[in-house]
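Visitor: Please take me slowly through a close look at a single part of this chain, and then show me what lies around that part. I am a first-year student, so I would be glad of every step of the reasoning.

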Amino acid sequence: MRTPVDTTQRKATIAVLVENEAGVLARVIGLFSGRGYNIDSLTVAPVEGSHNRSRINIVTSGTAMVIEQIKAQLDRLVPVHRVADLTREGPHIAREMALIKVIARGENRVEALRMAEAFRARVIDATLESFIFEMTGDTEKLDAFIELMRPLGLAEVSRTGVAAIARGTLVI
């Protein structure tokens, strides 16, 4: 009798510690595109105090088997030092930042400001016809705010991607 295959899709936040050298990011992205895996979010930056290393945070989705394949394939890349699935290795903090431009007049303008206050979005630019809000939080919070701004005059959104780190003593 065959064991049923788990086809449940899940999101995974994967942290990858790599050598900070030319072409590493292209190799990581090539691994995803070559196998048809999707990247929902990607951030990369040098790691402070480490010896010429960078940290890549990737948010992707797939079945448990696909996520394990992604981790194993990333771990085999030569400049990779460590791969961690933060969503499975314990509690973690994940945040992203967005700039949201809303073009509105009259009551929509007032409502946009009320919503921004409720979501703790900061007004970083204002004209007589537009606002640019800056907002930091988890992806779901940003998504909810953006959806509320849509009928009020949402014009443009720029997002950073997810930055994530393990809570407690776990170090990637």
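**A close look at S41 and beyond**

Guide: In this predicted model, leaving aside residues up to four places away in sequence, S41 touches N57, I58, V59, G161 and V162. S41 itself has its place in strand β2, which covers residues 39-46. Because its relative accessible area is 10%, and buried means under 20%, S41 counts as buried. One of its neighbours deserves a second look: the side chain of S41 reaches the backbone nitrogen of V162, at a distance of 2.7 Å.

Another of those neighbours leads onward, since I58, which S41 touches, is also touched by F32. Not counting residues up to four places away in sequence, the contacts of F32 are Y37, N38, I39, I58, T60, I70 and L74. F32 belongs to the largest nonpolar core, which has 18 residues, and it is listed with I14, V16, V28, I70 and L74 as the members that touch the most other members. At least two residues of this core come from each of β1 (10-19), α1 (24-35), β3 (53-62), α2 (64-76) and β4 (80-85). Apart from this core lies another one, made of 17 residues, and among them are A112, I146, M149 and L152.

Three of the residues just named, I146, M149 and L152, also appear among the buried residues of helix α4, whose full list is L142, F145, I146, M149, L152 and G153. Seen down the axis of α4, these buried residues fall within an arc of 110°, and therefore they line one face of the helix. It helps to recall that an α-helix has 3.6 residues a turn, so residues three or four places apart point the same way. On the face of α4 turned away from the buried side sit the exposed residues E140 and P151. The cover over the buried residues of α4 includes β5 (92-103), α3 (106-119), β7 (130-137) and β8 (154-159). The length of α4 can be checked as well: at 1.5 Å a residue, its 15 residues (139-153) should span 21 Å, and the C-alpha atoms at its ends are 21 Å apart, which agrees.

From buried residues we can turn to charged ones. Side chains of opposite charge can pair when their charged atoms come close. The structure holds 13 salt bridges. One of them joins the side chains of E19 and R53, with 3.6 Å from N to O, and this pair links distant parts of the chain, because E19 is in strand β1 and R53 in strand β3, 34 residues apart. E19, at 21% relative accessibility, counts as partly exposed, and R53, at 26%, counts as partly exposed too.

A salt bridge also pairs K101 with E156, whose closest N and O atoms are 3.6 Å apart. Since K101 lies in strand β5 and E156 in strand β8, this pair ties together parts that are 55 residues apart in sequence. K101 is partly exposed, with a relative accessible area of 27%, and E156 is partly exposed with 49%. The strands β5 and β8 were met above among the elements that cover the buried residues of α4.

A further salt bridge, between the side chains of R114 and E111, has an N to O distance of 2.9 Å. Here both partners lie in helix α3, 3 residues apart, which is about one turn of the helix. At 44% relative accessibility R114 counts as partly exposed, and E111, with a relative accessible area of 23%, is partly exposed as well. Salt bridges that share partners also join E96, D143 and R159 into one network.

To place these parts in the whole, the chain has 4 helices and 9 strands, and from the N terminus on its elements run β-α-β-β-α-β-β-α-β-β-α-β-β. Along its principal axes, the C-alpha trace spans about 60 × 50 × 35 Å. S41 is buried, and of the 172 residues of the chain, 38% count as buried. Among contacts in the chain with a separation of 6 or more, 73% are made by residues 24 or more positions apart.

Conventions. Residues are numbered from 1 along each chain as its sequence is written. This is a predicted model: local features need pLDDT of at least 70, side-chain atom pairs count only at pLDDT 80 or more; totals for chains, interfaces and linings use all residues. Side-chain values use heavy atoms; hydrogens and water are left out. A nonpolar core is a set of buried Ala, Val, Leu, Ile, Met, Phe, Trp, Tyr and Cys residues joined through side-chain atoms within 4.5 Å. Buried means under 20% relative accessible area, exposed over 50%, partly exposed in between (1.4 Å probe, protein chains only). Contact means heavy atoms within 4.5 Å. The expected span of a helix is 1.5 Å times one less than its number of residues. The arc is that of the directions from the helix axis to the C-beta atoms. A polar contact is a pair of N or O atoms within 3.5 Å; within protein, one must be able to donate a hydrogen and the other to accept it, and residues adjacent in sequence count only if both atoms are side-chain atoms. A salt bridge is a side-chain nitrogen of Lys or Arg within 4 Å of a carboxyl oxygen of Asp or Glu.
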